[in-house]
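Here are a few exercises to help you find your way around a new model. Try each one yourself before you read the solution.

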Amino acid sequence: MIEEKSGSWYNHAMMNERWLIALDLDGTLLTDAKEVTPLASKTLGLLRREGFEIVAATARPHRVVTPFVEGASISACVCLSGAVGFVGDEMAFGCTIPRETVDSVIARRQATRACASVLVETLSGAAYANFSGWGVEFPPLEALPPGERVAKLWLKTDADDDFEGVAQSLPAGLYAEPSQGECALIMPVEATKRAGVETMAERFGIPMSRVMAFGDDAGDIGMIKAAGVGVAMRNALPAVKAVADFVTEHSNEDDGVARFLWDYFQMR
């Protein structure tokens, strides 16, 4: 049932061992219709009752994560690609970009792309943008309060060479990550899914050797490599599969996460 990348690296864990399961959302736990399936919900609920911690690790902000994972037994969320973490509604950690740096990056982008789409995510959960999208009317960039702490920038990119140009132009202390082949996510260097998952594992008292991380996109590579068991989805990018210990037999459209968990933990 499980397609292994190379050899048998790990024995199946017994259900009396406490694990942390870190799950990317889009392309991993969620179907393409942005839903958690009944089987996935049931599986995560069973593991939570066994003492497992379920952590969502996503590029999405916290304000939009909750509707996607209602009923999915999520213990905590690593949001904005690792810039902020929540246990319940309590902020567990947060990383910010200095306001002058934010203004500089936006000005540089708009100087090279007059109609560049820009979105700013803040630690408070608010977002500001110079466009409308995803069925949301964002407050304009000009309305961003001077004292608001910025956690992440989202820049629309046109092609791979455009992304590289954005990445290479960033000041020290920031990095860019491609997402869905259409945008650059700009964060503080300390804000990564890997760092967020490591922080949550420490908080819950679970060693990284008993962390299982699932993902499909470039932003998931770090946490997959750091986890005791790194799992790439069948629909993952080749670069993600290359670093994973396992590749699921099924995609996100066919309960890849849930089916893998049932097999790996020998759930009956």
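**Exercise 1.** Find which residues of helix H2 are buried, and work out where they sit around the helix.

Step 1: go to residues 62–69, which form helix H2; helices here are DSSP runs of H or I with at least four residues, strands are runs of E with at least two, and both are numbered from the N terminus. This is a predicted model, where local features need pLDDT of at least 70, side-chain atom pairs count only at pLDDT 80 or more, and totals for chains, interfaces and linings use all residues. Residues are numbered from 1 along each chain as its sequence is written, and side-chain values use heavy atoms, with hydrogens and water left out.

Step 2: pick out the buried ones, namely His62, Val65, Phe68 and Val69. Buried means under 20% relative accessible area, exposed means over 50%, and partly exposed is in between (1.4 Å probe, protein chains only).

Step 3: look down the axis of H2; the buried residues fall within an arc of 110 degrees, so they line one face of the helix. That arc is taken from the directions from the helix axis to the C-beta atoms.

Step 4: check what lies over them. The cover includes strand S4 (76–79) and strand S5 (84–87), with contact meaning heavy atoms within 4.5 Å.

Step 5: carry on just past H2, and you'll meet Gly71 with a positive phi of about 85 degrees.

**Exercise 2.** Decide whether Gly94 is buried, partly exposed or exposed, and list its contacts.

Step 1: place Gly94 in strand S6, residues 90–94.

Step 2: read its relative accessibility, which is 39%, so Gly94 counts as partly exposed.

Step 3: skip the neighbours within four places in sequence, and Gly94 is in contact with Ala83, Val84 and Leu123.

**Exercise 3.** Do the same for Asp217, then look at its distance from Thr28.

Step 1: find Asp217 in the loop between strand S12 (211–215) and helix H6 (221–226).

Step 2: its relative accessibility is 14%, so Asp217 counts as buried.

Step 3: leaving out neighbours within four places in sequence, Asp217 touches Ser179, Gln180, Leu237 and Val240.

Step 4: now take Thr28, which is 189 residues from Asp217 in sequence, yet 9.1 Å away in space, C-alpha to C-alpha.

**Exercise 4.** Sum up the whole protein by its secondary structure and its buried share.

Step 1: count the elements, and you get 8 helices and 14 strands.

Step 2: of the 268 residues, 53% are buried.
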